[in-house]
Amino acid sequence: TLLYLSGVTFFTLGFGDVVPLTAPGRVVAVFEVATGFSFLALIIGYLPTIYGAFSRREVNITLLDARAGSPPSAAELLRRHHRADDLAALDQLLREWERWAAELLESHLSYPVLSYYRSQHEHLSWLASLTVILDTCTLLLVGVRCPEGDYPTRQARLTFAVARHALTDLNQILAAAPRPPVPDRLPSADLTQLRDSLAEVGLQLRAGADAEHGLAETRRLYEPYAHALATSLLFTLPAWLPSNNADDWQTTAWDWQPALLPARDE
């Protein structure tokens, strides 16, 4: 009976068939009513905020599909923008991701549970997208040259700073101690393939001992943090090299499940 009284009081039903008779019981009932109203207000106010932040986060991730492939990669992002011959678009993209990383930092620090909300698309995730942007900024900071000259690096530096800030703070909030990825995400053989992949579209990644040292040092600023979060959240970090997969927008479940297709009348 007391549990029943507690339940109807907490959820503010108040049937009145069982009432507290003593002063301590009435005090407890008042506090339980207040707790019940606070609980309902928290649910009504908290969940829309969570889902709104999740939806805003996913918009840029979905847009990355056609710009960087599925799964996305830094090399493919640079290749596709260079094919379009639009340096301004790449600069604008980095500006948008700078703001996205800042919003990610603020929303996920306020609501850490958002880190566990996964994208609804198979090859996309917030951590993979953040890593791809960091990879892209790293290549630009090392030095990428095209026939028109060097790609600008100022925006890449700004975007890298905010993205790394978000990554490291989330490591602290989620108690994920940084550790280097094993195996290495970009061994020497893959770096050679990366250079060749960029060269196919007329891009040249700066070479030499200084460039390789700068690449390694910049990667050490964020890869251990990204790997730790990926391990903790069961994510897969993206590759540096472009994949041969079709983009997600080019495929549907109907393409590989013909049994789902409606039968045609003979």
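## A walk through the helix contacts and pockets

H5 crosses H6 with a left-handed sense. This is a predicted model, and that helix pair is a good place to start.

**Stop 1: H5 and H6.** Select residues 126-142 for helix H5 and residues 154-173 for helix H6; the axes sit 9 Å apart and make an angle of about 140 degrees. That falls outside the range over 145 that counts as roughly antiparallel, so H5 and H6 are oblique to each other. Now show side chains. On the H5 side, pick Trp126, Leu127, Leu130, Ile133, Leu134, Cys137, Thr138, Leu140 and Leu141. Across from them, in H6, are Ala156, Arg157, Thr159, Phe160, Ala163, Arg164, Leu167 and Leu170. Colour this contact by class and you get 13 nonpolar, two polar and two charged residues.

**Stop 2: H3 and H7.** Next, select residues 74-83, which is helix H3, and find H7 packed with H3 at an angle of about 15 degrees, again with 9 Å between the axes. That angle makes H3 roughly parallel to H7. The crossing here is right-handed. For the side chains, show Ala75, Leu78 and Arg79 from H3, then Leu194, Ser197 and Leu198 from H7. Sorted by class, the contact of H3 with H7 holds four nonpolar, one polar and one charged residues.

**Stop 3: the largest pocket.** Keep H7 (188-199) on screen and add helix H8 (209-220) and helix H9 (223-233): each of these gives at least two residues to the lining of the largest pocket. The space inside comes to about 270 Å³. To centre your view, select Asp184, Leu186, Ala216, Arg219 and Arg220, the closest to the pocket's centre among its 14 lining residues. Which helix supplies the largest share of the lining? That's H8, with five residues. As for chemistry, the lining of this pocket splits into eight nonpolar, one polar and five charged residues.

**Stop 4: the second largest pocket.** Now jump to Glu122, His123, Leu124, Ser125 and Thr236, which lie nearest the centre of the second largest pocket. Altogether 15 residues line this pocket, and it holds about 200 Å³ of space. How many of its lining residues are charged? Two are, alongside eight nonpolar and five polar ones.

**Before you close the viewer.** Put the two pockets side by side: the lining of the largest pocket has one polar and five charged residues, whereas that of the second largest has five polar and two charged. Each lining has eight nonpolar residues.

Terms used:
Residues are numbered from 1 along each chain as its sequence is written. This is a predicted model: local features need pLDDT of at least 70, side-chain atom pairs count only at pLDDT 80 or more; totals for chains, interfaces and linings use all residues. Side-chain values use heavy atoms; hydrogens and water are left out. On a 1 Å grid over the protein atoms alone, a cavity is a set of points where a 1.4 Å probe fits but cannot get out, and a pocket is an open set with protein on both sides within 12 Å along at least five of seven lines; lining residues have an atom within 4 Å of a point. Grid points are joined across faces, edges and corners, and a volume is the space filled by probe spheres set on the points. Helices (H or I, at least four residues) and strands (E, at least two) are DSSP runs, numbered from the N terminus. Ala, Val, Leu, Ile, Met, Phe, Trp, Tyr, Cys and Pro count as nonpolar, Asp, Glu, Lys and Arg as charged, and the others, Gly among them, as polar. Axes are lines fitted to C-alpha atoms, for helices over the stretch in contact, and angles run from 0 to 180 degrees between N-to-C directions. Angles under 35 degrees count as roughly parallel, over 145 as roughly antiparallel, 65 to 115 as roughly perpendicular and the rest as oblique. A crossing is left-handed if the near helix is turned anticlockwise from the far one by less than a right angle, and right-handed if clockwise. Contact means heavy atoms within 4.5 Å.
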